[in-house]
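Colleague: Hi, I'm new to this one. Could you walk me through it?

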Amino acid sequence: MNLEIHAISVTIPEGCNLILGQTHFIKTAEDLYEIIVTTVPRAQFGIAFTEASGPCLIRTEGNDDGLVQNCVSNLQAIGAGHVFCILLREAYPINILNQLKACPEVCRIFCATANPLQVIVASTDQGWGVLGVIDGFPPKGVETDEDRRQRREFLRNIGYKR
């Protein structure tokens with residue numbers, strides 16, 4: 001058996017967050033669409049999902065054509081079946097992650113990020129599959145009391161804590 005490992009860089013547009021996950025059924029794109037619009041109605045987003053059988057198409061939904069196309073481009077680069085990509089603008093992954101995890105088709109979430117992202121993919125004679133992700137950069141140290149104060153202040157400034 002031939003096995004190769006690839007690091008695929010994905011594109012996250014300025015001001016967006018990306019959610020990458022694994023799923024298993026053709027109705028995924030529509031169900032993810034419904035989750036987003038009912039949870040964060042003002043969100044701008046794109047969704048793409050790669051089938052792994054039948055016609056093996058990339059299925060799409062969303063309300064922003066540019067974000068939909070960016071999701072498609074990312075999944076074409078990744079090249080694996082049963083993977084979904086969501087790009088969000090005017091919303092954050094924290095707003096929808098629990099609902100996505102509860103979706104019957106969703107098997108796992110690989111990441112939710114706005115950081116530079118590489119997807120680690122294995123390829124065999126059968127196809128490609130996602131092994132995991134490299135999200136952002138390695139740690140540079142441990143927070144100090146001042147760093148902790150700034151973190152807590154930041155969370156209050158953006159409304160996630162009182």
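Modeller: Happy to; we can talk about helix 4, salt bridges, cysteines and a surface patch. This is a predicted model, where local features need pLDDT of at least 70, side-chain atom pairs count only at pLDDT 80 or more, and totals for chains, interfaces and linings use all residues. Residues are numbered from 1 along each chain as its sequence is written, and side-chain values use heavy atoms, leaving out hydrogens and water.

Colleague: How far apart are the end C-alpha atoms of helix 4?

Modeller: They are 18 Å apart, which agrees with the 18 Å expected for the 13 residues of helix 4 (residues 145–157) at 1.5 Å a residue. The expected span is 1.5 Å times one less than the number of residues, and helices (H or I, at least four residues) and strands (E, at least two) are DSSP runs numbered from the N terminus. Just after helix 4, G159 has a positive phi of about 90 degrees.

Colleague: And which residue forms a salt bridge with R149?

Modeller: That's E153, with the closest N and O atoms 2.6 Å apart. A salt bridge here is a side-chain nitrogen of Lys or Arg within 4 Å of a carboxyl oxygen of Asp or Glu. R149 and E153 are both in helix 4, 4 residues apart, about one turn of the helix. Salt bridges with shared partners also link E143, D145, R148 and R151 into one network. Within it, R148 and E143 meet at 3.5 Å, N to O.

Colleague: How many salt bridges does the structure hold?

Modeller: It holds 9. One of them pairs D64 with R89, at 3.4 Å between the closest N and O atoms. D64 is in the loop between strand 4 (58–62) and helix 2 (65–78) and R89 is in strand 5, so this pair ties together parts 25 residues apart in sequence.

Colleague: Is D64 buried or exposed?

Modeller: D64 is buried, at 19% relative accessible area. Buried means under 20%, exposed over 50%, and partly exposed in between (1.4 Å probe, protein chains only). R89 is partly exposed at 23%.

Colleague: Switching topic: how many disulfides are there?

Modeller: The count is 0, a disulfide being a pair of cysteine sulfur atoms within 2.5 Å. For C103, the nearest cysteine sulfur belongs to C107, 9.8 Å away. C103 is buried at 6% relative accessibility, while C107 is partly exposed at 47%.

Colleague: Last one: where is I94 found?

Modeller: I94 is in the loop between strand 5 (83–89) and helix 3 (97–102), and counts as exposed at 60% relative accessibility.
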